[in-house]
Amino acid sequence: MDAIVLHGVTKRYPDVTAVDGLDLEVPEGICLGLLGPNGAGKSTTMRLLTAQSLADEGEIRVMGLRLPQQSKQARALMGVVPQLDNLDEELTARENLEVFAHLYRVPRQERRAAVDRALALAQLTDRAATRTVNLSGGMRRRLLIARGLVHQPRLVLLDEPTVGLDPQVRQELWSLIVRLREEGVTTLMSTHYIEEAERLADDCALMSHGRIVARGSPEELVKEHAGAEVAEHYASQERQAEIAALAAEAGVPTRRTGPSISLLKSEQLPRSLEEALGPPNVRRPATLEDVFVVLTGEAVE
Ligand code: ADP
């Protein structure tokens with residue numbers, strides 16, 4: 001079964017169509033990375049899945065339940081981790097989790113074990129009695145995730161889980177997300193960090209202007225859209241424009257990066273193009289970042 005199904009979903013705001021006929025299916029048990037530049041519609045998609053926002057058109061199902069009609073039942077089955085930290089600073093780590101265990105209707109006699117389990121998963125057992133205001137940024141973020149897991153949901157929505165965090169904290173959160181997957185929890189994670197998707201996601205859906213423009217494992221996406229190798233030519237802006245025109249004529253995707261222009265799928269360049277360009281300055285393996293730039297037209301972090 002698919003844990004999430006979006007079919008022809010559209011969400012319009014007065015000035016922009018944030019989600020535009022979106023089709024997306026997330027099979028149970030995988031971690032899907034919803035990847036896209038700022039403004040692509042990732043957060044709006046997340047809000048539609050929690051029924052915080054209502055679609056203008058289309059069909060949404062979560063764990064087989066229809067949204068928004070059955071959103072209450074659906075919410076009980078999913079764990080939602082918001083982008084913004086809205087923990088109660090006056091409460092301890094344990095108390096923050098207890099409040100949510102109560103809200104999620106974890107039976108009274110099971111609450112303590114549920115909270116202990118969530119604390120352990122987030123490696124916060126020894127901080128259980130610490131007031132949230134005294135936790136480090138990384139600990140708070142882990143607590144925020146633990147809070148979304150306290151009722152042992154089978155589906156977790158993570159909205160930009162590591163945005164704005166320093167690399168070490170990000171690594172800690174990645175380990176936590178890997179543990180979730182090992183437990184068989186379905187995870188939908190929005191991110192604009194390529195590396196995050198590359199490391200954690202079984203499957204990536206690349207979003208741009210409210211639609212999915214490509215879908216597959218990171219390896220499949222790289223192979224299909226960027227090939228095996230990228231050839232970089234360092235050249236003046238004029239020469240780069242010439243190279244871009246020649247490549248476009250031959251149907252070869254390119255990307256510009258300041259002093260150089262890169263030709264994707266360079267292992268299969270037409271002979272005539274290779275001769276016209278001469279040898280590249282650098283050859284390197286293609287990456288998911290190349291795919292992202294070619295398909296969305298945007299640079300990323
Ligand atoms: P992402 O999460 O990929 O950065 P968003 O879903 O936040 O993208 O935004 C998609 C588009 O919808 C953007 O152009 C954004 O300005 C617009 N948008 C998002 N939320 C609202 C809102 N509440 N009101 C009006 N426009 C919005």
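## Hairpin β12-β13

Two strands count as paired here if DSSP finds at least two bridges between them. In this predicted model, strand β12 (residues 254-257) and strand β13 (residues 260-263) clear that bar, with four bridges joining them in an antiparallel run. Look across the pair and you'll find R255 in β12 standing opposite S262 in β13.

The turn of this hairpin has two residues between the strands, and G258 takes a positive phi near 60° there. Another glycine with a positive phi is G297, at about 70°, sitting just after helix α11.

## The chain as a whole

Let's step back. The chain has eleven helices and 14 strands, and its C-alpha atoms fill a box of roughly 75 × 40 × 35 Å along the principal axes. Of its 301 residues, 50% count as buried. As for contacts between residues at least 6 apart in sequence, 69% of them join residues at least 24 apart.

The chain splits into domain 1 (2-222) and domain 2 (227-285). Taken over C-alpha atoms, the centres of these two domains are 39 Å apart. UniProt, in an unreviewed entry, puts the feature "domain: ABC transporter" at residues 4-234. Over that stretch the chain is 36% helix and 30% strand, with 45 Å between the end C-alpha atoms.

## The open sheet

Now for a sheet of four strands: it is open, it is antiparallel in its pairing, and the order is β2-β1-β4-β5. Which strands stand at the edges? They are β2 (16-27) and β5 (65-67); each has a single partner strand, so one side of each is left without a neighbour in the sheet. On average, neighbouring strands are turned by 25° against each other, ignoring direction.

Zooming in on one edge, β4 (residues 57-62) pairs with β5 over three bridges, in the antiparallel sense. I60 stands opposite L67 of β5. Helix α1 (residues 42-49) lies across β1 (2-13), β2, β4 and β5, and runs at about 115° to β1.

## Helix α5 and its surroundings

Is α5 mostly covered or mostly uncovered? Mostly covered: twelve of its 13 residues are buried. The buried set includes the arginines R140, R141, R142 and R147, along with M139, L143, L144 and I145. These buried residues pack against β6 (78-81), α3 (93-103), α4, β7 (155-159) and α6 (167-182).

The length of α5 also works out. At 1.5 Å a residue, its 13 residues should span 18 Å, and the end C-alpha atoms are 19 Å apart, which agrees.

## Q123, in the loop before α5

Q123 is in the loop between α4 (108-121) and α5 (137-149). Why does Q123 count as exposed? Its relative accessibility is 51%, and the cut-off for exposed is over 50%.

Set aside the neighbours within four places in sequence, and Q123 is in contact with R142 and R179. R142 is one of the buried residues of α5. Q123 and R142 are 19 residues apart along the chain, while 8.1 Å separates their C-alpha atoms.

## Helix α11

Helix α11 covers residues 288-296. Its buried residues are L288, D290, V291, F292, V293 and T296.

Technical notes: Residues numbered from 1 in each chain as written. Predicted model: local features only at pLDDT ≥ 70, side-chain atom pairs only at ≥ 80, totals over all residues. Heavy atoms only, no water. Axes fitted to C-alpha atoms, helices over the stretch in contact; angles between N-to-C directions. Contact = heavy atoms within 4.5 Å. UniProt positions renumbered as here; feature names shortened; annotations may be inferred. Domains from an automatic or database assignment. Buried < 20%, exposed > 50% of the residue type's maximum accessible area, 1.4 Å probe, protein only. Expected span 1.5 Å × (residues − 1).
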